[in-house]
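Please take a moment to look over the sequence and the model before reading on. The paragraphs below go from one helix to the charged pairs, then to the nonpolar cores and a hairpin.

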Amino acid sequence: MRFSAFSIFREALRGNRGWTPQWREPQPKPHYDVIIVGGGGHGLATAYYLAKEFGVTNVAVLEKSWLGSGNIGRNTTIIRSNYLLPGNEPFYEMSMKLWEGLEQDFNYNAMVSQRGVLNLCHTDGQRDAFARRGNAMLMEGAGAELLDREGVRKFAPYLNFNHARFPILGGLLQKRGGTARHDAVAWGFGRGADMRGVDIIQNCEVTGIIRDESGAVTGVETSKGRIGCNKLGLAAAGHSSHVAQMAGLRLPIESHVLQAFVSEGLKPVIDSVITFGMGHFYISQSDKGGLVFGGDIDGYNSYARRGGLAMVEHVFEQGISMLPGLSRSKVLRAWGGVMDMSMDGSPIIDKTPIPNLYLNAGWCYGGFKATPASGFSFAHLLAKNESHPTARAMRLDRFERGYQVDETGNGPQPNLH
């Protein structure tokens with residue numbers, strides 16, 4: 001349905017009562033082929049690809065709050081595939097290719113903006129490590145350019161090039177990287193799944209996991225009653241450990257809060273994504289003019305969506321080292337997302353030792369950018385009972401077997417590897 005400027009203004013005055021809902025509000029059925037716990041980006045993408053690519057439509061997505069209320073709406077919107085290791089780079093490049101066709105695929109404006117992602121280097125060792133990472137990216141077709149100091153100056157002249165402690169020597173640029181509108185991604189996947197018959201059930205908290213005498217999962221207890229299923233997929237982001245514990249499964253992950261910030265609206269100045277090489281700071285500018293930035297996780301375990309002031313100071317110090325002008329802008333608001341941090345910084349997409357229970361968790365800093373590939377790979381696992389080829393390194397038992405994918409999860413920081 002198309003609306004004129006006058007009709008949009010009228011709807012605003014009427015409290016938006018005339019808009020058509022983009023998905024149904026169904027009541028739970030007694031039984032589904034697949035139940036997915038978590039109505040965020042990964043859960044909704046899984047349901048969408050299950051229906052679209054694999055023909056599995058008797059699916060329910062259970063969300064304890066409202067659709068998109070979790071980490072899908074609590075991130076800094078960055079998409080990229082500038083990873084190094086064989087277990088990660090092909091997977092994130094798969095995600096980038098899906099991002100590039102996503103809006104056409106689900107017919108929704110997700111505001112995908114391939115404005116480029118530039119990672120700064122400040123030492124000779126970092127520059128050498130970036131050359132290695134760039135070559136790994138080129139081998140997977142991801143595209144990479146290793147810029148020298150003048151190349152970075154031409155690309156981003158507003159940076160602090162003469163910092164006595166952290167001089168900028170160059171950077172690794174992925175022009176295909178950028179940003180996407182995080183909540184629109186959830187809406188697009190949600191609408192697309194609903195159109196294909198998936199039941200998206202909001203305000204439906206899972207309170208227990210039902211198992212039969214053999215130990216196999218047969219359903220869930222929820223705030224809306226008992227619901228049966230043939231397969232149960234967990235995509236509960238920072239609450240994955242809590243939900244898995246309902247089935248007696250202890251996961252090799254910890255939950256931490258990751259803070260993000262946005263400044264007041266400013267005139268356009270940062271037309272790409274820039275990351276600091278001697279710490280963990282990243283920044284871009286939204287379409288509204290706000291500078292969107294973040295840094296490290298708070299170092300303590302927490303399920304709270306708020307962080308400590310010590311980390312606020314830490315993030316701002318790094319940002320001002322890289323971009324002194326940031327000190328003159330006012331922070332408009334801050335928020336936090338609960339991150340499930342795996343022991344090697346890489347995610348888990350796998351069957352669990354418990355029959356009929358499947359896991360999508362441990363995304364660390366990489367959750368949003370992985371949304372399409374995560375959903376596709378998890379849907380493949382649920383539909384075919386085998387890992388997608390690009391997700392085979394993301395097995396749950398890799399920690400026991402000694403096959404970790406040690407990439408910290410926070411992007412190109414060779415000084416940390």
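In this predicted model, Arg 127 and Asp 124 both belong to helix H4, where they sit three residues apart, which is about one turn of the helix. An α-helix has 3.6 residues a turn, so residues three or four places apart point the same way. The two side chains form a salt bridge, in which the closest N and O atoms are 2.6 Å apart. Arg 127 counts as partly exposed because its relative accessibility is 32%, and Asp 124 counts as partly exposed because its own value is 48%.

The helix that carries this pair, H4, runs over residues 124-139, and its 16 residues reach 23 Å from the first C-alpha to the last, close to the 22 Å expected at 1.5 Å a residue. Which residues of H4 are buried? They are Gln 126, Phe 130, Arg 133, Gly 134, Ala 136 and Met 137, and because they cover an arc of only 155° around the axis, they lie on the same side of H4. On the other side of the helix, Asp 128, Arg 132 and Met 139 are exposed. The cover over the buried residues of H4 includes helix H3 (89-106), together with the strands E4 (117-121), E5 (145-148) and E6 (170-174). Just after H4 the chain comes to Gly 141, which takes a positive phi of about 75°.

The pair in H4 can now be set beside other charged contacts, since a search of the whole structure finds 17 salt bridges. One of them joins Arg 24 to Asp 194, with the closest N and O atoms 3.0 Å apart. This pair links distant parts of the chain, for Arg 24 lies in the loop between helix H1 (5-13) and strand E1 (31-37), while Asp 194 lies in helix H6 (residues 182-195), 170 residues apart. The two partners also fall into separate classes of accessibility: Arg 24 is partly exposed because its relative accessibility is 36%, whereas Asp 194 is buried because its value is 10%. Elsewhere, Arg 401 and Asp 397 meet through their side chains in a salt bridge of 2.9 Å, N to O. Arg 401, at 36% relative accessibility, is partly exposed, and so is Asp 397, with a relative accessible area of 23%. A network of salt bridges links Glu 93, Lys 97, Glu 100 and Arg 176.

From charged side chains we turn to nonpolar ones. In soluble globular proteins, nonpolar side chains tend to be buried together. Here the largest nonpolar core has 48 residues, and those with the most contacts inside it are Ile 36, Tyr 49, Leu 50, Val 59, Phe 91 and Phe 189. The elements that give two or more residues to this core are E1, helix H2 (41-54), strand E2 (59-62), H3, H6 and helix H9 (371-384). Leu 50 offers a view of this packing: leaving aside its neighbours within four places in sequence, it is in contact with Val 34, Ile 36, Gly 55, Val 56, Val 59, Ala 379, Leu 382 and Ala 383. Apart from this core lies another, of 29 residues, among them Leu 234, Ala 236, Ile 354 and Leu 396.

A hairpin completes the tour. Its strands, E17 (residues 348-351) and E18 (residues 357-361), pair in the antiparallel sense over four bridges, and Lys 351 stands opposite Tyr 358 in E18. Five residues lie between the strands of this hairpin, in which Asn 356 takes a positive phi near 75°.

Technical notes
Residues numbered from 1 in each chain as written. Predicted model: local features only at pLDDT ≥ 70, side-chain atom pairs only at ≥ 80, totals over all residues. Heavy atoms only, no water. Expected span 1.5 Å × (residues − 1). Buried < 20%, exposed > 50% of the residue type's maximum accessible area, 1.4 Å probe, protein only. Arc of directions from axis to C-beta. Contact = heavy atoms within 4.5 Å. Salt bridge = Lys/Arg side-chain N within 4 Å of Asp/Glu carboxyl O. Core = buried A, V, L, I, M, F, W, Y, C linked by side-chain atoms within 4.5 Å. Pairing = 2+ DSSP bridges.
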